[in-house]
Amino acid sequence: MLTASALRRISVSPMASKPKPHRLHQLAGTTALHSSAKRARTMSTESSSTTMKDAFAKYADYLNHFNEKRERVIKASRDITINSKKVIFQVHRMSRLNKEEVLKKAEKDLAAVINQYISRLVKELQGTDHWKLRRAYSPGVQEYIEAATFCKFCRTGTLLNLEEINATLLPLSDPSLEPLKINVLDYLLGLADLTGELMRLAIGRISDGEFEYAEKICRFVRDIYRELTLLFPLMDDNSDMKTKMDTMLESVVKIENACFRVHVRGSEYTLLGSSDPSSFLLGLPDSEL
Amino acid sequence: MKAAFRNAVSFITHSRSINPNPPPVVVSLLPLISIAAVPSPSPSLLRHTRLETLRPFSSPLRRYSMAGSEAPASASLDKQFEDIRVQLEESGSLRERIRAIVMEIDSSTRIMHSSLLLVHQSRPLPEVLEKAKVQIDALKGLYSRLAEVIRECTEEYYRYHGDWRSATQTVVSLLSFMHWLETGSLLMHAEAEEKLGFNSAGFALDIEDYLTGLCFLSNEMPRYVVNRVLAGDYDCPRKVLNFLTDLNAAFRMLNLRNDFLRKKFDSMKYDLKRVEEVYYDMKIRRLASEDSTENHGTEEVPAVENKLFSVSNINLQNFSRLLTHTLSVRFCVGVDRRI
């Protein structure tokens with residue numbers, strides 16, 4: 001009865017119909033334990049050991065149930081990772097000529113990731129406190145965010161934001177429950193990974209002759225890096241993010257250096273094209289000529 | 001002339017790389033070179049243009065990135081990250097409030113622990129328990145405050161759980177120790193919740209934390225047994241041994257993952273072993289048996305080997321180990337007597 005009242009008490013919050021975070025372990029043990037616990041006090045050691053066994057049988061049930069769930073979540077997460085990686089590779093196949101076709105295929109694959117694998121994850125996580133299982137599903141979600149934002153950038157040149165991602169996941173959720181949302185931390189971690197892919201893309205674009213595009217990527221990546229510099233100290237467990245920030249800076253520098261080289265050579269081309277030999281002095285103030 | 005020019009170039013770039021703000025000397029050098037270069041157009045022109053293009057990038061990264069940020073970042077991007085920052089700051093301040101309460105829980109637990117430690121110095125039990133119990137009410141209050149804070153974010157209970165997790169495990173271990181001292185039985189999960197006022201606070205004790213707390217309880221036992229024996233309580237090892245054997249058997253029912261709890265559970269068997277050793281030391285010297293008949297008149301004093309069998313039913317290997325131990329001790333005793 002105490003448990004029931006406790007549950008009711010938590011439910012005072014506006015989302016009364018939703019399952020509460022600790023409902024899982026309340027279900028797992030507490031209710032049934034009340035009666036046996038009271039017995040334990042009055043009885044001798046003999047029966048106290050059986051009471052102990054009864055209680056532990058319930059804990060064992062709870063742990064088994066929970067560990068199985070965790071395994072399923074890990075499996076779903078790994079499937080998401082593998083298939084999101086495939087989408088990313090697909091996007092990298094893009095060149096000046098086949099852009100439309102490649103992106104279409106990538107977007108189709110991404111939709112398949114949502115429908116087949118993320119839906120499974122959502123089914124597992126919904127109605128429980130997903131924060132408890134975050135370590136199990138986080139890698140997959142990060143990879144998915146990386147793939148989704150990567151596609152979006154190649155399509156529109158803008159950043160896919162968290163609300164948009166959550167909106168695409170909305171149809172997967174059971175309408176009677178609070179929809180599962182990707183948390184901010186995973187989103188930011190995914191963005192940090194995105195810069196690595198963008199670096200590869202930029203280098204590829206340069207060797208393909210699309211300098212403008214590479215510079216656009218350069219600006220975009222810099223923006224992300226700048227924004228994340230401000231955010232990463234605020235994140236829950238930022239040791240992960242710290243290493244990612246370092247790699248991100250490396251990627252940014254790589255893109256910048258590549259753009260720089262193109263820039264330098266590009267100015268050579270224009271100078272060689274123009275016949276005015278004094279043009280290289282344009283940067284100097286008149287007084288020094 | 002070409003060599004001199006190359007030197008000049010290397011001098012200029014070199015001096016720049018050291019000092020990002022070009023000193024006036026370098027600047028005044030430039031017109032000289034360029035004037036000299038003008039008559040011969042093509043080969044050195046290339047070099048010159050390179051020099052010229054290098055100029056704005058004297059410290060390439062910084063200058064370049066500054067040039068890039070001139071292009072305004074899209075407003076929506078800024079806005080999203082601003083929203084995220086606000087969100088993260090909110091959760092950060094919530095976490096700080098939680099941590100402040102947890103620190104109080106920690107200090108209250110430490111007081112409780114230190115007063116419980118008097119048990120090892122054979123102070124009278126009621127006195128020790130009374131002192132320690134004072135802290136339970138304090139803990140109750142702290143946990144209800146914690147529950148109050150958590151209620152703001154019931155959806156994210158486990159996001160912050162790690163912050164009070166280890167504190168709670170220690171609390172459980174102390175409570176269960178006190179409970180055992182009082183009643184000789186195990187503090188059940190529900191009883192622990194009740195003691196801490198979790199039910200009325202709408203809070204819950206995680207089963208994993210409860211179980212980890214019990215492992216800590218087991219870690220405390222060998223020391224307690226040794227000190228009780230020192231104080232002349234020869235019956236204590238038997239009681240503790242029975243309790244730990246039951247507890248260990250109960251833990252064996254769980255399928256644990258390779259995590260912290262598993263590690264703690266693995267350490268339990270050493271506690272059990274230590275207590276067994278103390279118990280056999282008592283038994284062999286016939287110290288335990290007399291006392292146990294006094295305290296528990298109904299119980300019959302078993303022969304050493306029989307008792308061995310009953311307590312070490314955990315596994316056969318353990319049993320055989322103990323048997324050899326006892327036999328070797330017997331042998332030694334026999335030898336001693338002959339001498």
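Over the face of which ring does A:Lys132 lie, and at what distance from the ring centre? The exercises below use a predicted model, and this opening question is taken up in the first of them.

**Exercise 1. Charges over rings in chain A**

Identify the lysines that lie over aromatic faces, and state how far each is from the ring centre.

*Solution.* Begin with A:Lys132, which lies over the face of A:Phe66 at 4.6 Å from the ring centre. Then turn to A:Lys216, which is placed over the face of A:Phe153, at 5.8 Å from the centre of that ring. Both distances can be set against the cut-off for a charge over a ring, which asks for NZ of Lys within 6 Å of the ring centre.

**Exercise 2. An aromatic cluster in chain B**

Classify the ring pairs made by B:Phe198, and place them in their wider setting.

*Solution.* As a starting point, the structure holds 17 aromatic pairs over all chains. In one of them, the rings of B:Tyr143 and B:Phe198 have centres 4.9 Å apart and planes at 65°, so this pair is edge-to-face, given that planes over 60 degrees apart fall in that class. Next, locate the partners: B:Tyr143 belongs to helix α6 (residues 125-150) of chain B and B:Phe198 to helix α9 (residues 198-201) of chain B, so the pair ties together parts that are 55 residues apart in sequence. Both B:Tyr143 and B:Phe198 are buried.

The second pair joins B:Phe198 to B:Phe203, and it is also edge-to-face, with 5.0 Å from centre to centre and 90° between the planes. Here again both B:Phe198 and B:Phe203 are buried. Finally, follow the ring pairs outwards: they link B:Tyr143, B:Tyr157, B:Tyr158, B:Trp164, B:Phe198 and B:Phe203 into a cluster.

**Exercise 3. Two loop residues of chain B**

Determine where B:Ser122 and B:Gly202 are found, and whether each is buried or partly exposed.

*Solution.* B:Ser122 lies in the loop between α5 (75-116) and α6 of chain B, and has a positive phi of about 45° although it is not a glycine. Its relative accessible area is 41%, and B:Ser122 is therefore partly exposed. B:Gly202, by contrast, is found in the loop between α9 and α10 of chain B; with a relative accessible area of 11%, B:Gly202 is buried, since buried means under 20%. As a last step, compare sequence with space: B:Gly202 and B:Arg151 are 51 residues apart in sequence, while their C-alpha atoms are 8.5 Å apart.

**Exercise 4. The largest pocket**

Describe the largest pocket by its volume, its central residues and the make-up of its lining.

*Solution.* The volume of the largest pocket is about 1,200 Å³. Of the 36 residues that line this pocket, those closest to its centre are A:Trp131, A:Lys132, A:Arg135, B:Tyr158 and B:Arg165. A:Lys132 is thus a residue already met over the face of A:Phe66, and B:Tyr158 is a member of the ring cluster of Exercise 2.

Consider next the helices, of which α3 (45-92), α5 (134-156) and α7 (184-207) of chain A, together with α7 (157-183), α10 (207-230) and α12 (260-284) of chain B, each supply at least two residues of the lining. The most comes from α7(B), with nine residues. By class, the lining has 14 nonpolar, eight polar and 14 charged residues.

**Exercise 5. Chain A as a whole**

Summarise the elements, the burial and the contacts of chain A.

*Solution.* Chain A has nine helices and zero strands. Of its 289 residues, 53% count as buried. Among the contacts in chain A with a separation of 6 or more, 76% are accounted for by residues 24 or more positions apart.

Technical notes: Residues numbered from 1 in each chain as written. Chains lettered and ligands numbered in written order. Predicted model: local features only at pLDDT ≥ 70, side-chain atom pairs only at ≥ 80, totals over all residues. Heavy atoms only, no water. Phe/Tyr/Trp six-rings, centres within 6.5 Å; stacked < 30°, edge-to-face > 60°. Helix = DSSP H or I, 4+ residues; strand = E, 2+ residues; numbered from the N terminus. Buried < 20%, exposed > 50% of the residue type's maximum accessible area, 1.4 Å probe, protein only. Lys NZ or Arg CZ within 6 Å of the ring centre and 35° of its normal. 1 Å grid on protein atoms, 1.4 Å probe; cavity = no way out; pocket = protein on both sides within 12 Å on 5 of 7 lines; lining within 4 Å. Points joined across faces, edges and corners; volume = space filled by probe spheres on them. Nonpolar A, V, L, I, M, F, W, Y, C, P; charged D, E, K, R; others polar. Contact = heavy atoms within 4.5 Å.
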